[in-house]
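Visitor: Could you take me in for a close look at one part of this model, please? I would like to see how its neighbouring pieces fit together.

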Amino acid sequence: MAAPAYVRAPFGALKRVKISPSTAVPCQRLYNTTLEAFRLSNIDVEETAKKRGIPMPPTEEVRDMTDATKEALKELRQPRNVEAIFKRPLRRPAQYGIPVCDLQLRTFSVRNMEFFADFAMRAAYYLGLPAKGPIPLPRKIERWTVPRANFVFKKSQENFERITLRRLIQIQDGDPETVKLWLAFLQKHQYHGVGMKANIFDFEKLDVGKAMDEQAQKEKELVDETWKGFGRRKDAPEQPDELLEIINAEPVRKAGTDMPMGRTAWDK
């Protein structure tokens with residue numbers, strides 16, 4: 001049996017008003033995380049707070065921080081590696097400006113490319129490579145017209161367009177081994193939707209022709225050694241005399257000829 005209206009009315013009013021006990025927002029996790037970040041950076045927060053006259057909240061239970069405490073925490077300097085995330089990537093100046101590597105990034109989404117370009121610039125800085133860029137390159141626009149149907153419905157067509165965005169990052173005055181390490185690191189942590197194309201420039205001495213001839217001779221010897229046994233069984237004899245003995249054996253002579261192989265009628 002349903003309750004009468006005068007009983008259901010007060011409960012419905014309370015439900016519409018949504019009366020609930022006041023709950024304080026817990027700030028203990030935020031406070032502990034901030035203290036841990038400063039400790040990892042070798043910063044004594046309590047000593048700094050005492051020097052500046054900042055009241056420190058208790059570490060056991062922190063429900064609500066006062067406005068003064070929040071402002072005091074904002075004034076404390078964050079670790080440098082945390083601050084670097086919110087700033088532009090650092091760059092190393094090039095001494096001679098000789099290009100060593102051109103890295104071209106291609107994508108259809110500008111947000112993914114900007115994120116990965118920022119990551120590549122930071123990686124180049126920490127590896128000690130002078131990087132220049134990212135330099136915007138002309139967009140590549142491709143269009144297609146595809147019929148929706150065939151025969152008499154050919155006039156019903158649909159157009160498609162694809163725009164490829166590109167950025168260029170140039171490494172100057174870098175060591176070749178470090179550049180290869182940088183490219184391998186970017187390939188390992190490649191962001192989805194971003195393609196890479198790298199052009200590496202190598203510089204040799206003036207007598208590079210002699211070095212190329214020596215390298216070609218070594219490659220030729222290696223190829224000759226590899227193809228030496230091509231088309232021959234592994235258990236075949238190496239010396240031609242042993243091969244002639246096998247051919248001139250009695251079973252081979254009785255196979256269909258009186259003249260042993262390897263000789264002619266004039267050799268008698």
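Guide: Happy to! The structure holds 5 salt bridges, a salt bridge being a side-chain nitrogen of Lys or Arg within 4 Å of a carboxyl oxygen of Asp or Glu. Before we look at some of them, please keep in mind that this is a predicted model, in which local features need pLDDT of at least 70 and side-chain atom pairs count only at pLDDT 80 or more, while totals for chains, interfaces and linings use all residues. Residues are numbered from 1 along each chain as its sequence is written, and side-chain values use heavy atoms, with hydrogens and water left out.

One of the salt bridges joins R122 to D118, with the closest N and O atoms 2.6 Å apart. Both residues belong to helix α6 and are 4 residues apart there, so about one helical turn separates them. Helices (H or I, at least four residues) and strands (E, at least two) are DSSP runs, numbered from the N terminus. R122 is buried, at a relative accessible area of 18%, whereas D118 is partly exposed at 26%. Here buried means under 20% relative accessible area, exposed over 50%, and partly exposed in between, using a 1.4 Å probe and protein chains only.

A comparable spacing turns up in helix α8 (residues 208–226), where K220 and D224 are 4 residues apart, about one helical turn. Their side chains form a salt bridge at 3.1 Å, N to O. K220 is partly exposed with a relative accessible area of 48%, and D224 is partly exposed too, at 42%.

R148 and E158 also meet in a salt bridge, at 3.8 Å from N to O. This pair links distant parts of the chain, for R148 sits in the loop between β2 and β3 and E158 in strand β3, 10 residues apart. R148 is exposed at 56% relative accessibility, and E158 is partly exposed at 33%.

That brings us to the sheet. Strands of a sheet pair through backbone hydrogen bonds, either parallel or antiparallel. This one is an open sheet of 4 strands in the order β2-β3-β1-β4, with antiparallel pairing; two strands pair if DSSP finds at least two bridges between them. β2 (131–147) and β4 (194–200) form the edges, each pairing on one side only. On average, neighbouring strands are turned by 20° against each other, direction ignored.

Strand β1 (residues 99–107) is a good place to pause. It runs antiparallel to β3 (residues 157–172) and is joined to that strand by 8 bridges. Among the partners, P99 is matched with Q172 in β3, and C101 with I171. β1 also pairs with β4 over 7 bridges, again antiparallel, and D102 stands opposite N199 in β4. β1 is mostly covered, since 7 of its 9 residues are buried. In β3 you can also pick out T164, which is buried at 11% relative accessible area. Leaving aside residues up to four places away in sequence, T164 touches R106, T107, F108, R139, K140 and E142, where contact means heavy atoms within 4.5 Å.

Now for the helices on this sheet. α6 (residues 110–126), home of that R122–D118 pair, lies across β1, β2, β3 and β4 at about 10° to β3. α7 (residues 176–188) lies across β1, β3 and β4, running at about 15° to β1. Axes are lines fitted to C-alpha atoms, for helices over the stretch in contact, and angles run from 0 to 180 degrees between N-to-C directions.

Two packed helices are described by the angle between their axes and the distance between the axes. For α6 and α7, the axes come within 11 Å and cross at roughly 145°. The crossing is right-handed; a crossing is left-handed if the near helix is turned anticlockwise from the far one by less than a right angle, and right-handed if clockwise. Where they meet, α6 brings F116, F119, A120, A123 and A124 to W182, F185 and L186 of α7. By class, this contact has 8 nonpolar, no polar and no charged residues. In that scheme Ala, Val, Leu, Ile, Met, Phe, Trp, Tyr, Cys and Pro count as nonpolar, Asp, Glu, Lys and Arg as charged, and the others, Gly among them, as polar.
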